[in-house]
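Biologist: I should like to go through this structure with you and ask how each label is justified. May we take the terms one at a time?

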Amino acid sequence: MQRQPNSTETGSSPAFAIEATNLGVTYSNGTEAVKDVSLEIPKGEFFGFLGANGAGKTTTIKMLTTLLRPTTGQISVNGYNAETDPRSVRESIGYMAQETSIDPVLTVRENLNFACRAYGVPSAKRGARIDDLLELVGLESKTADRAGMLSGGQKKRLDVAMTLVHHPPIVFLDEPTTGLDPAARNRLWEYFREINRQGTTVFLTTQYLEEADALCSDLALILDGEIVATGSPAELKAQVGGDVLEISLDDPSETAVEHARAIIEDSEVVASDEIESIQPTEDGFSVTATHARRIGTTLLVRLTESGVTITGFNIRSPTLDDVFLTLAGESKNDAADREIRPNGHRMEA
Ligand code: ATP
(Lines give C-alpha, C1' and ligand atoms only; values in the text may rest on other atoms or scores of the structure.)
Protein backbone atom coordinates (compact mmCIF):
# COMPACT_ATOMS: atom_id res chain seq x y z
CA MET A 1 0.00 0.00 0.00
CA GLN A 2 1.12 3.48 -0.73
CA ARG A 3 2.33 5.35 2.33
CA GLN A 4 0.53 8.54 3.20
CA PRO A 5 2.12 11.34 5.19
CA ASN A 6 0.95 11.35 8.77
CA SER A 7 1.14 13.91 11.51
CA THR A 8 4.37 12.50 12.96
CA GLU A 9 6.15 12.63 9.62
CA THR A 10 4.94 15.98 8.41
CA GLY A 11 3.89 17.85 11.54
CA SER A 12 0.46 18.50 10.00
CA SER A 13 -1.62 17.65 6.97
CA PRO A 14 0.11 19.39 4.04
CA ALA A 15 -1.70 22.51 2.87
CA PHE A 16 -0.16 22.28 -0.57
CA ALA A 17 0.51 19.33 -2.87
CA ILE A 18 3.78 20.98 -3.86
CA GLU A 19 5.69 23.68 -2.06
CA ALA A 20 9.03 24.90 -3.33
CA THR A 21 10.95 27.82 -1.91
CA ASN A 22 13.79 29.74 -3.56
CA LEU A 23 14.90 26.86 -5.80
CA GLY A 24 18.08 27.36 -7.74
CA VAL A 25 20.24 25.08 -9.87
CA THR A 26 23.69 25.74 -11.25
CA TYR A 27 25.00 22.83 -13.32
CA SER A 28 28.65 21.82 -13.03
CA ASN A 29 29.47 23.63 -16.28
CA GLY A 30 28.27 26.90 -14.68
CA THR A 31 24.83 27.07 -16.37
CA GLU A 32 22.40 28.70 -13.98
CA ALA A 33 19.35 26.80 -15.21
CA VAL A 34 16.88 27.77 -12.44
CA LYS A 35 16.98 30.95 -10.36
CA ASP A 36 15.01 31.56 -7.19
CA VAL A 37 11.86 29.66 -8.20
CA SER A 38 9.11 29.43 -5.57
CA LEU A 39 5.84 27.54 -6.09
CA GLU A 40 2.79 26.79 -3.95
CA ILE A 41 0.43 24.38 -5.68
CA PRO A 42 -2.78 23.43 -3.88
CA LYS A 43 -4.08 19.86 -3.91
CA GLY A 44 -6.28 19.02 -6.87
CA GLU A 45 -4.89 21.80 -9.07
CA PHE A 46 -4.12 21.44 -12.77
CA PHE A 47 -0.95 23.47 -12.79
CA GLY A 48 0.94 24.51 -15.92
CA PHE A 49 4.64 25.34 -16.03
CA LEU A 50 5.07 27.14 -19.29
CA GLY A 51 8.29 28.08 -21.04
CA ALA A 52 10.27 27.86 -24.27
CA ASN A 53 13.04 25.34 -25.01
CA GLY A 54 15.80 25.58 -22.42
CA ALA A 55 13.80 27.80 -20.04
CA GLY A 56 14.34 25.45 -17.09
CA LYS A 57 11.16 23.35 -17.00
CA THR A 58 12.76 19.89 -16.97
CA THR A 59 15.38 21.00 -14.46
CA THR A 60 12.59 22.14 -12.13
CA ILE A 61 10.52 18.97 -12.60
CA LYS A 62 13.62 16.84 -11.88
CA MET A 63 14.11 18.65 -8.58
CA LEU A 64 10.45 18.26 -7.61
CA THR A 65 10.60 14.53 -8.36
CA THR A 66 13.89 14.16 -6.39
CA LEU A 67 15.97 13.20 -9.45
CA LEU A 68 18.10 16.32 -9.10
CA ARG A 69 19.27 17.94 -5.89
CA PRO A 70 18.74 21.71 -5.94
CA THR A 71 21.77 23.96 -5.44
CA THR A 72 19.60 26.17 -3.23
CA GLY A 73 16.08 26.01 -1.81
CA GLN A 74 13.60 23.63 -0.20
CA ILE A 75 10.95 21.29 -1.58
CA SER A 76 7.95 19.63 0.01
CA VAL A 77 5.79 17.23 -2.03
CA ASN A 78 2.66 15.69 -0.49
CA GLY A 79 4.02 16.93 2.83
CA TYR A 80 7.30 15.03 2.48
CA ASN A 81 10.62 16.84 2.50
CA ALA A 82 12.44 16.06 -0.77
CA GLU A 83 15.87 16.27 0.81
CA THR A 84 15.29 14.24 3.96
CA ASP A 85 12.61 11.85 2.70
CA PRO A 86 13.04 11.43 -1.07
CA ARG A 87 11.72 7.85 -1.01
CA SER A 88 8.33 8.92 0.33
CA VAL A 89 8.18 11.69 -2.26
CA ARG A 90 8.89 9.18 -5.04
CA GLU A 91 6.31 6.71 -3.76
CA SER A 92 3.62 9.38 -3.69
CA ILE A 93 4.07 10.73 -7.22
CA GLY A 94 3.82 9.64 -10.82
CA TYR A 95 6.34 11.07 -13.29
CA MET A 96 6.03 10.95 -17.04
CA ALA A 97 9.41 12.03 -18.38
CA GLN A 98 10.02 13.39 -21.86
CA GLU A 99 11.76 10.16 -22.83
CA THR A 100 9.41 7.20 -22.90
CA SER A 101 9.80 4.63 -20.12
CA ILE A 102 8.17 1.77 -22.01
CA ASP A 103 10.02 -1.37 -23.09
CA PRO A 104 9.38 -1.88 -26.82
CA VAL A 105 9.93 -5.65 -26.63
CA LEU A 106 7.26 -6.23 -23.97
CA THR A 107 3.55 -6.20 -24.73
CA VAL A 108 1.31 -3.40 -23.49
CA ARG A 109 0.05 -5.52 -20.57
CA GLU A 110 3.58 -6.71 -19.71
CA ASN A 111 4.77 -3.11 -19.56
CA LEU A 112 1.95 -2.24 -17.16
CA ASN A 113 2.69 -5.32 -15.08
CA PHE A 114 6.32 -4.28 -14.89
CA ALA A 115 5.30 -0.78 -13.71
CA CYS A 116 3.00 -2.34 -11.07
CA ARG A 117 5.90 -4.42 -9.74
CA ALA A 118 8.26 -1.44 -9.78
CA TYR A 119 5.76 0.67 -7.81
CA GLY A 120 4.90 -2.14 -5.39
CA VAL A 121 1.26 -2.62 -6.41
CA PRO A 122 0.13 -5.85 -4.66
CA SER A 123 -0.16 -8.71 -7.18
CA ALA A 124 -3.80 -9.41 -6.26
CA LYS A 125 -4.75 -5.88 -7.33
CA ARG A 126 -2.70 -5.67 -10.53
CA GLY A 127 -5.16 -7.29 -12.98
CA ALA A 128 -8.08 -4.98 -12.16
CA ARG A 129 -5.85 -1.95 -11.95
CA ILE A 130 -4.33 -2.64 -15.38
CA ASP A 131 -7.79 -3.19 -16.92
CA ASP A 132 -8.98 0.17 -15.50
CA LEU A 133 -5.96 1.98 -16.87
CA LEU A 134 -6.20 0.34 -20.29
CA GLU A 135 -9.78 1.58 -20.44
CA LEU A 136 -8.81 5.06 -19.24
CA VAL A 137 -6.25 5.51 -22.02
CA GLY A 138 -8.22 3.58 -24.66
CA LEU A 139 -5.72 0.77 -25.27
CA GLU A 140 -7.99 -2.20 -24.44
CA SER A 141 -7.62 -3.60 -27.96
CA LYS A 142 -3.82 -3.39 -27.83
CA THR A 143 -3.06 -5.31 -24.64
CA ALA A 144 -1.25 -8.18 -26.40
CA ASP A 145 0.62 -5.97 -28.92
CA ARG A 146 4.30 -5.31 -28.52
CA ALA A 147 4.74 -1.75 -27.22
CA GLY A 148 7.34 -1.06 -29.92
CA MET A 149 4.63 -1.49 -32.58
CA LEU A 150 2.38 1.24 -31.15
CA SER A 151 2.01 4.67 -32.79
CA GLY A 152 3.63 7.69 -31.12
CA GLY A 153 0.34 8.76 -29.57
CA GLN A 154 -0.44 5.23 -28.33
CA LYS A 155 3.03 5.00 -26.74
CA LYS A 156 2.39 8.25 -24.88
CA ARG A 157 -0.96 6.87 -23.68
CA LEU A 158 0.77 3.74 -22.42
CA ASP A 159 3.31 5.98 -20.71
CA VAL A 160 0.48 7.86 -18.98
CA ALA A 161 -1.05 4.58 -17.80
CA MET A 162 2.33 3.41 -16.44
CA THR A 163 2.65 6.68 -14.52
CA LEU A 164 -0.67 6.01 -12.79
CA VAL A 165 -0.42 2.35 -11.72
CA HIS A 166 0.06 3.18 -8.02
CA HIS A 167 -2.75 5.79 -7.85
CA PRO A 168 -0.40 8.69 -7.13
CA PRO A 169 -2.04 11.83 -5.72
CA ILE A 170 0.27 13.96 -7.90
CA VAL A 171 1.44 13.38 -11.46
CA PHE A 172 4.24 15.25 -13.17
CA LEU A 173 3.93 15.38 -16.94
CA ASP A 174 6.98 16.73 -18.76
CA GLU A 175 5.95 18.00 -22.20
CA PRO A 176 3.71 14.96 -22.71
CA THR A 177 2.29 15.95 -26.09
CA THR A 178 5.42 17.13 -27.90
CA GLY A 179 5.56 15.65 -31.38
CA LEU A 180 1.96 14.38 -31.43
CA ASP A 181 -0.59 15.23 -34.09
CA PRO A 182 -3.63 17.30 -33.00
CA ALA A 183 -5.97 14.29 -32.74
CA ALA A 184 -3.56 12.31 -30.51
CA ARG A 185 -2.86 15.43 -28.45
CA ASN A 186 -6.58 16.13 -27.91
CA ARG A 187 -7.09 12.55 -26.83
CA LEU A 188 -4.33 12.82 -24.24
CA TRP A 189 -5.82 16.09 -22.99
CA GLU A 190 -9.04 14.23 -22.25
CA TYR A 191 -7.17 11.66 -20.11
CA PHE A 192 -5.32 14.39 -18.25
CA ARG A 193 -8.61 16.19 -17.56
CA GLU A 194 -10.15 12.93 -16.36
CA ILE A 195 -7.21 12.19 -14.02
CA ASN A 196 -7.56 15.69 -12.59
CA ARG A 197 -11.36 15.34 -12.27
CA GLN A 198 -10.71 12.21 -10.20
CA GLY A 199 -8.77 14.39 -7.72
CA THR A 200 -5.16 14.00 -8.89
CA THR A 201 -2.98 17.11 -8.76
CA VAL A 202 -1.35 17.61 -12.15
CA PHE A 203 1.94 19.41 -12.74
CA LEU A 204 2.32 19.85 -16.49
CA THR A 205 5.24 21.40 -18.32
CA THR A 206 4.58 22.59 -21.82
CA GLN A 207 5.83 24.97 -24.44
CA TYR A 208 2.42 25.00 -26.13
CA LEU A 209 0.50 28.03 -24.97
CA GLU A 210 -2.71 26.61 -26.39
CA GLU A 211 -2.23 23.47 -24.29
CA ALA A 212 -1.71 25.48 -21.10
CA ASP A 213 -4.78 27.55 -21.90
CA ALA A 214 -6.96 24.52 -22.58
CA LEU A 215 -5.97 22.51 -19.51
CA CYS A 216 -4.55 24.55 -16.66
CA SER A 217 -6.34 26.43 -13.90
CA ASP A 218 -3.13 28.12 -12.78
CA LEU A 219 0.11 28.85 -14.59
CA ALA A 220 3.65 29.99 -14.04
CA LEU A 221 5.69 31.31 -16.94
CA ILE A 222 9.39 30.56 -16.79
CA LEU A 223 11.90 32.51 -18.87
CA ASP A 224 15.66 31.92 -18.64
CA GLY A 225 15.26 30.06 -15.35
CA GLU A 226 13.10 32.68 -13.66
CA ILE A 227 9.36 32.82 -13.09
CA VAL A 228 8.19 35.99 -14.81
CA ALA A 229 4.42 35.69 -14.34
CA THR A 230 1.87 33.60 -12.47
CA GLY A 231 -1.92 33.41 -12.48
CA SER A 232 -4.87 31.83 -14.23
CA PRO A 233 -4.87 31.96 -18.04
CA ALA A 234 -7.52 34.74 -17.83
CA GLU A 235 -5.44 36.77 -15.36
CA LEU A 236 -2.36 36.47 -17.52
CA LYS A 237 -4.27 37.51 -20.62
CA ALA A 238 -5.64 40.53 -18.77
CA GLN A 239 -2.02 41.66 -18.25
CA VAL A 240 -1.66 42.13 -22.01
CA GLY A 241 -3.71 45.32 -21.69
CA GLY A 242 -6.60 45.03 -24.12
CA ASP A 243 -7.83 43.34 -27.25
CA VAL A 244 -5.75 42.76 -30.34
CA LEU A 245 -6.46 44.26 -33.77
CA GLU A 246 -4.64 42.24 -36.43
CA ILE A 247 -4.09 44.01 -39.74
CA SER A 248 -2.81 42.34 -42.92
CA LEU A 249 -1.07 44.52 -45.51
CA ASP A 250 -0.42 43.95 -49.20
CA ASP A 251 3.17 44.98 -48.36
CA PRO A 252 4.13 43.55 -44.95
CA SER A 253 7.78 44.74 -45.17
CA GLU A 254 9.45 46.31 -42.16
CA THR A 255 9.40 49.76 -43.83
CA ALA A 256 5.69 49.51 -44.60
CA VAL A 257 4.88 48.39 -41.04
CA GLU A 258 6.97 51.26 -39.60
CA HIS A 259 5.10 53.67 -41.90
CA ALA A 260 1.75 52.34 -40.63
CA ARG A 261 2.98 52.58 -37.04
CA ALA A 262 3.92 56.24 -37.57
CA ILE A 263 0.46 56.99 -38.99
CA ILE A 264 -1.23 55.41 -35.97
CA GLU A 265 1.04 57.11 -33.46
CA ASP A 266 0.58 60.51 -35.13
CA SER A 267 -3.16 60.03 -35.43
CA GLU A 268 -5.16 62.38 -33.23
CA VAL A 269 -8.16 60.09 -33.22
CA VAL A 270 -6.50 57.64 -30.84
CA ALA A 271 -5.13 58.72 -27.48
CA SER A 272 -1.55 57.45 -27.20
CA ASP A 273 -2.15 55.85 -23.81
CA GLU A 274 -4.89 53.67 -25.32
CA ILE A 275 -2.35 51.73 -27.37
CA GLU A 276 -0.42 49.13 -25.41
CA SER A 277 1.80 47.85 -28.22
CA ILE A 278 2.23 47.57 -31.97
CA GLN A 279 3.97 44.38 -33.12
CA PRO A 280 4.91 43.18 -36.60
CA THR A 281 3.27 39.92 -37.69
CA GLU A 282 3.84 37.59 -40.63
CA ASP A 283 1.50 39.45 -42.96
CA GLY A 284 1.31 42.91 -41.38
CA PHE A 285 1.10 44.00 -37.78
CA SER A 286 -1.08 43.86 -34.68
CA VAL A 287 -2.22 46.64 -32.38
CA THR A 288 -3.00 45.84 -28.75
CA ALA A 289 -5.21 48.53 -27.28
CA THR A 290 -7.54 48.99 -24.34
CA HIS A 291 -10.51 49.75 -26.62
CA ALA A 292 -9.38 47.92 -29.75
CA ARG A 293 -12.99 47.12 -30.64
CA ARG A 294 -14.04 50.79 -30.45
CA ILE A 295 -11.03 52.40 -32.13
CA GLY A 296 -10.49 49.63 -34.71
CA THR A 297 -12.66 51.10 -37.49
CA THR A 298 -11.23 54.58 -36.99
CA LEU A 299 -7.68 53.26 -37.27
CA LEU A 300 -8.47 51.29 -40.41
CA VAL A 301 -10.05 54.33 -42.08
CA ARG A 302 -7.09 56.52 -41.09
CA LEU A 303 -4.59 54.00 -42.51
CA THR A 304 -6.53 53.61 -45.78
CA GLU A 305 -6.84 57.41 -46.18
CA SER A 306 -3.06 57.63 -45.78
CA GLY A 307 -2.51 55.25 -48.69
CA VAL A 308 -1.90 52.01 -46.78
CA THR A 309 -3.42 49.00 -48.59
CA ILE A 310 -5.11 46.73 -46.05
CA THR A 311 -5.89 43.19 -47.24
CA GLY A 312 -7.60 41.94 -44.08
CA PHE A 313 -8.28 42.62 -40.42
CA ASN A 314 -9.54 40.89 -37.33
CA ILE A 315 -10.19 41.91 -33.73
CA ARG A 316 -9.68 39.22 -31.11
CA SER A 317 -9.17 38.69 -27.40
CA PRO A 318 -5.56 38.21 -26.32
CA THR A 319 -4.11 34.68 -26.21
CA LEU A 320 -1.30 33.32 -24.06
CA ASP A 321 0.96 33.83 -27.09
CA ASP A 322 0.41 37.57 -26.65
CA VAL A 323 1.25 37.25 -22.94
CA PHE A 324 4.42 35.39 -23.76
CA LEU A 325 5.49 37.85 -26.46
CA THR A 326 4.81 40.80 -24.16
CA LEU A 327 6.71 39.29 -21.22
CA ALA A 328 9.58 38.00 -23.36
CA GLY A 329 9.86 41.48 -24.92
CA GLU A 330 9.88 43.17 -21.50
CA SER A 331 12.48 40.76 -20.23
CA LYS A 332 14.72 41.38 -23.25
CA ASN A 333 14.43 45.13 -22.66
CA ASP A 334 15.37 44.60 -19.00
CA ALA A 335 18.39 42.58 -20.08
CA ALA A 336 19.37 45.24 -22.62
CA ASP A 337 18.99 47.88 -19.92
CA ARG A 338 21.22 45.89 -17.62
CA GLU A 339 23.82 45.52 -20.37
CA ILE A 340 23.98 49.15 -21.35
CA ARG A 341 23.53 50.63 -17.90
CA PRO A 342 25.79 48.70 -15.57
CA ASN A 343 25.79 51.49 -12.99
CA GLY A 344 22.27 52.68 -13.51
CA HIS A 345 23.38 55.14 -16.22
CA ARG A 346 23.24 54.78 -19.97
CA MET A 347 26.75 54.39 -21.34
CA GLU A 348 27.54 56.97 -23.98
CA ALA A 349 29.31 55.94 -27.18
P1 ATP B 1 13.03 21.86 -23.18
O2 ATP B 1 11.70 22.43 -23.43
O3 ATP B 1 13.93 21.99 -24.38
O4 ATP B 1 13.04 20.49 -22.58
P5 ATP B 1 13.52 23.03 -20.54
O6 ATP B 1 12.70 24.24 -20.30
O7 ATP B 1 13.05 21.77 -19.97
O8 ATP B 1 13.76 22.87 -22.10
P9 ATP B 1 16.00 22.49 -19.18
O10 ATP B 1 16.19 21.15 -19.83
O11 ATP B 1 15.60 22.54 -17.78
O12 ATP B 1 15.00 23.37 -20.05
O13 ATP B 1 17.36 23.30 -19.39
C14 ATP B 1 17.58 24.59 -18.80
C15 ATP B 1 19.00 25.05 -19.12
O16 ATP B 1 19.93 24.19 -18.45
C17 ATP B 1 19.35 25.00 -20.60
O18 ATP B 1 20.21 26.08 -20.86
C19 ATP B 1 20.09 23.67 -20.75
O20 ATP B 1 21.01 23.73 -21.79
C21 ATP B 1 20.80 23.59 -19.39
N22 ATP B 1 21.03 22.19 -18.95
C23 ATP B 1 20.11 21.21 -18.81
N24 ATP B 1 20.66 20.07 -18.34
C25 ATP B 1 21.98 20.35 -18.16
C26 ATP B 1 23.09 19.60 -17.68
N27 ATP B 1 22.96 18.32 -17.29
N28 ATP B 1 24.30 20.21 -17.64
C29 ATP B 1 24.44 21.49 -18.02
N30 ATP B 1 23.43 22.27 -18.48
C31 ATP B 1 22.21 21.72 -18.56
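Modeller: A strand is a DSSP run of E with at least two residues, and strands are numbered from the N terminus. Please keep in mind that this is a predicted model.

Biologist: Where is Asn-22 found?

Modeller: Asn-22 is found in strand β1, which covers residues 16–26.

Biologist: Why is Asn-22 called partly exposed?

Modeller: Its relative accessibility is 39%. Partly exposed is the class between under 20% and over 50%, so Asn-22 counts as partly exposed.

Biologist: What makes the phi of Asn-22 worth noting?

Modeller: Most residues other than glycine have a negative phi. Asn-22 is not a glycine, yet its phi is positive, near 50 degrees. Thr-66 is another residue of this kind, with a positive phi of about 70 degrees although it is not a glycine.

Biologist: Where is Thr-66 found, and how do you know that Thr-66 is buried?

Modeller: Thr-66 sits in the loop between α2 and β4. Its relative accessibility is 16%, and buried means under 20%; Thr-66 therefore counts as buried.

Biologist: Strand β4 brings us to Ile-75. Why is Ile-75 called buried?

Modeller: Ile-75 lies in strand β4, residues 72–77. With a relative accessibility of 7% set against the limit of 20%, Ile-75 counts as buried.

Biologist: Which residues does Ile-75 touch?

Modeller: A contact requires heavy atoms within 4.5 Å. Leaving aside residues up to four places away in sequence, Ile-75 touches Glu-19, Ala-20, Leu-23, Met-63, Leu-64, Pro-70, Tyr-80, Asn-81 and Ala-82. In addition, the C-alpha atoms of Ile-75 and Ile-18 are separated by 7.5 Å, although the two are 57 residues apart along the chain.

Biologist: What makes Leu-50 a buried residue?

Modeller: Leu-50 has a relative accessible area of 1%; as the limit is 20%, Leu-50 is buried. It lies in strand β3, residues 46–50. Beyond four places in sequence, its contacts include Lys-57, Tyr-208, Ile-222 and Leu-320. Leu-50 and Glu-211 are 161 residues apart in sequence and 9.6 Å apart in space, C-alpha to C-alpha.

Biologist: Why is Gly-296 called buried?

Modeller: Its relative accessible area is 1%, under the 20% limit, so Gly-296 is buried. Gly-296 belongs to helix α11, residues 292–305, and touches Leu-245 and Ile-315 when residues up to four places away in sequence are not counted.

Biologist: How do you know that Cys-116 and Cys-216 are buried?

Modeller: Cys-116 has a relative accessible area of 0%, and Cys-216 has a relative accessibility of 6%. Buried means under 20%, so both count as buried.

Biologist: How many disulfides does the structure hold?

Modeller: Zero. A disulfide requires a pair of cysteine sulfur atoms within 2.5 Å.

Biologist: What makes the pairing of Lys-237 with Asp-213 a polar contact?

Modeller: The limit for the N or O atoms is 3.5 Å. The side chains of Lys-237 and Asp-213 meet at 2.9 Å, so the pair counts as a polar contact. Lys-237 is found in helix α9, residues 233–238. It also touches Pro-318, Thr-319, Leu-320 and Val-323.

Biologist: Turning to the ligand, how many residues surround it?

Modeller: There are 15, and the closest are Gly-54, Lys-57, Thr-58, Thr-59 and Glu-175. Helix α2, residues 57–64, gives the most to this shell, with three residues. The shell divides into four nonpolar, nine polar and two charged residues.

Biologist: Why does the approach of the ligand to the side chain of Thr-58 fall within the polar-contact distance?

Modeller: An oxygen atom of the ligand is 2.7 Å from an N or O atom in that side chain, and the limit is 3.5 Å. An oxygen atom of the ligand also lies 3.1 Å from an N or O atom in the side chain of Gln-98. The protein covers 63% of the 630 Å² of accessible area that the ligand has on its own.

Biologist: Lastly, how many helices and strands are there in the protein chain?

Modeller: The chain has twelve helices and 14 strands. Of its 349 residues, 45% are buried.

Technical notes:
Residues numbered from 1 in each chain as written. Predicted model: local features only at pLDDT ≥ 70, side-chain atom pairs only at ≥ 80, totals over all residues. Heavy atoms only, no water. Helix = DSSP H or I, 4+ residues; strand = E, 2+ residues; numbered from the N terminus. Polar contact = N/O pair within 3.5 Å; in protein donor to acceptor, adjacent residues only side chain to side chain. Buried < 20%, exposed > 50% of the residue type's maximum accessible area, 1.4 Å probe, protein only. Near = heavy atom within 4 Å. Areas by Shrake-Rupley, 256 points an atom, 1.4 Å probe, with all protein chains shown as cover. Nonpolar A, V, L, I, M, F, W, Y, C, P; charged D, E, K, R; others polar.
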